[in-house]
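Colleague: I would like to go through this entry feature by feature. Please give the general idea each time, then the case at hand.

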Amino acid sequence: MTFRIQYFCLPLLLCAGSTANAQTAPTTGIEPGAMAAMDKMNAALLALPAFSLKSDVTTEQVLDTGQKLQFGGTVDVQAHRPDAFKISAVSDIQNRDYYFGGGKFTVLAPRLNYYATVPVSGSIGQALDKLKTNFGIELPLADLFTWGTDQTLRTRIKSGYVIRPEKIDSRTCTHYAFRQEKVDWQIWIDDAGQLPCKIVITDTTDPSMPQYTAVLHWDTSARPSAADLAFTAPADAHEIKLVDLSKGDAK
């Protein structure tokens, strides 16, 4: 049995009668209040020189039959602006650690004890662009690094509106919904700290509409240094090569 492209799950707005606002929500246009909230969130993210973040994620995988399967996992992020991070993505079906800093990017498969390193310089945003373009690598929760710095993200939004304040754990977080080409996304922003509490992304290019959900738990007092996030190869780990798609050969 094979899998098609996947993402993740969360019901909410489409549930009949879930909220009065959802039933009357606009399908086009961008409410100024929704974009203002995004601007405040962007400012809060950019004000963090470093941070540590733990997230509980749910991923949907779509079988060739159209049946969707749901898997849980965690994504932990440690970042030191402007040029270092470590991301650990763990689930029952995949385990990967991603390191960036010192002009290098490394991906490690801890269970298999394989890793690959390629030279990548510049800021975190520049590194993410190169990884996507040259190696086809898109990291989980990468938008946390680019919101507020990549203005093209703003121009892609076709509609956006405010839903209402809701509880995420003990936090009061206001719920917003946005649409852009190929993707619908929802975000809950903490009314107190202006940081995102929860994200839901829906792949609208797939008839099955798979979703990815992440509930975020911030530690804004953490201050990991670039040295703290540096990669050290585990004992007996085997190095492999990544294919540079821009060159069409192995590096």
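The dialogue below moves from the whole chain to its cores, a helix, the salt bridges and one strand residue.

Modeller: One caution at the start: this is a predicted model.

Colleague: How many helices and strands are there in the chain?

Modeller: The chain has five helices and 15 strands. Of its 251 residues, 45% count as buried. The exposed surface comes to about 12,900 Å², and carbon and sulfur atoms supply 53% of it.

Colleague: What share of the contacts with a separation of 6 or more comes from residues 24 or more positions apart?

Modeller: That share is 53%.

Colleague: Which residues have the most contacts inside the largest nonpolar core?

Modeller: The general idea first: in soluble globular proteins, nonpolar side chains tend to be buried together. Here the largest nonpolar core has 50 residues, and Phe85, Phe105, Leu139, Leu141, Trp147 and Ile187 have the most contacts inside it. Helix H2, residues 32-46, gives the largest share of this core, with seven residues. There is also a second, separate core of six residues, among them Ile168, Trp188, Val200 and Val215.

Colleague: Leu141 is on that list. What does Leu141 touch, leaving out residues up to four places away in sequence?

Modeller: Leu141 touches Leu53, Ser55, Val75, Val77, Ile199, Tyr212, Ala214 and Leu216.

Colleague: What span should H2 have, and how far apart are its end C-alpha atoms?

Modeller: The check is a rise of 1.5 Å a residue, taken over one less than the number of residues. For the 15 residues of H2 the expected span is 21 Å, and the end C-alpha atoms are 21 Å apart, so the two agree. The buried residues of H2 are Ala34, Met35, Ala37, Met38, Met41, Asn42, Ala44 and Leu45.

Colleague: How many salt bridges does the count give?

Modeller: The rule asks for a side-chain nitrogen of Lys or Arg within 4 Å of a carboxyl oxygen of Asp or Glu. By it, the count is six. One of them joins Arg154 to Asp39, with the closest N and O atoms 2.6 Å apart. This pair links distant parts of the chain, since Arg154 is in helix H5 (residues 152-155) and Asp39 in helix H2, 115 residues apart. Arg154 counts as partly exposed, at 36% relative accessibility, and Asp39 is partly exposed too, at 33%.

Colleague: Is Glu60 buried or exposed?

Modeller: Buried means under 20% relative accessible area. Glu60 has 5%, so Glu60 is buried. Glu60 sits in strand E2, residues 50-62, and forms a salt bridge with Lys68, the closest N and O atoms being 3.4 Å apart. Lys68 is partly exposed at 37%. The side chain of Glu60 also reaches the backbone nitrogen of Gln211 at 3.4 Å.

Colleague: Where do Asp184 and Arg179 fall on the scale of burial?

Modeller: Asp184 is buried at 16%, while Arg179, at 40%, counts as partly exposed. Their side chains meet in a salt bridge of 2.8 Å, N to O.

Colleague: Last, Thr117. Which residues does Thr117 touch, apart from those up to four places away in sequence?

Modeller: Thr117 touches Lys104, Phe105, Thr106 and Glu239. With the side chain of Thr106, the Thr117 side chain makes a polar contact at 2.8 Å. Thr117 lies in strand E7, residues 114-119, and counts as partly exposed at 26% relative accessibility. Thr117 and Leu242 are 125 residues apart in sequence, yet 7.7 Å apart in space, C-alpha to C-alpha.

Definitions and conventions:
Residues are numbered from 1 along each chain as its sequence is written. This is a predicted model: local features need pLDDT of at least 70, side-chain atom pairs count only at pLDDT 80 or more; totals for chains, interfaces and linings use all residues. Side-chain values use heavy atoms; hydrogens and water are left out. Helices (H or I, at least four residues) and strands (E, at least two) are DSSP runs, numbered from the N terminus. Buried means under 20% relative accessible area, exposed over 50%, partly exposed in between (1.4 Å probe, protein chains only). Contact means heavy atoms within 4.5 Å. Accessible areas come from the Shrake-Rupley method with a 1.4 Å probe; for residues, only the protein chains shown count as cover. A polar contact is a pair of N or O atoms within 3.5 Å; within protein, one must be able to donate a hydrogen and the other to accept it, and residues adjacent in sequence count only if both atoms are side-chain atoms. A nonpolar core is a set of buried Ala, Val, Leu, Ile, Met, Phe, Trp, Tyr and Cys residues joined through side-chain atoms within 4.5 Å.
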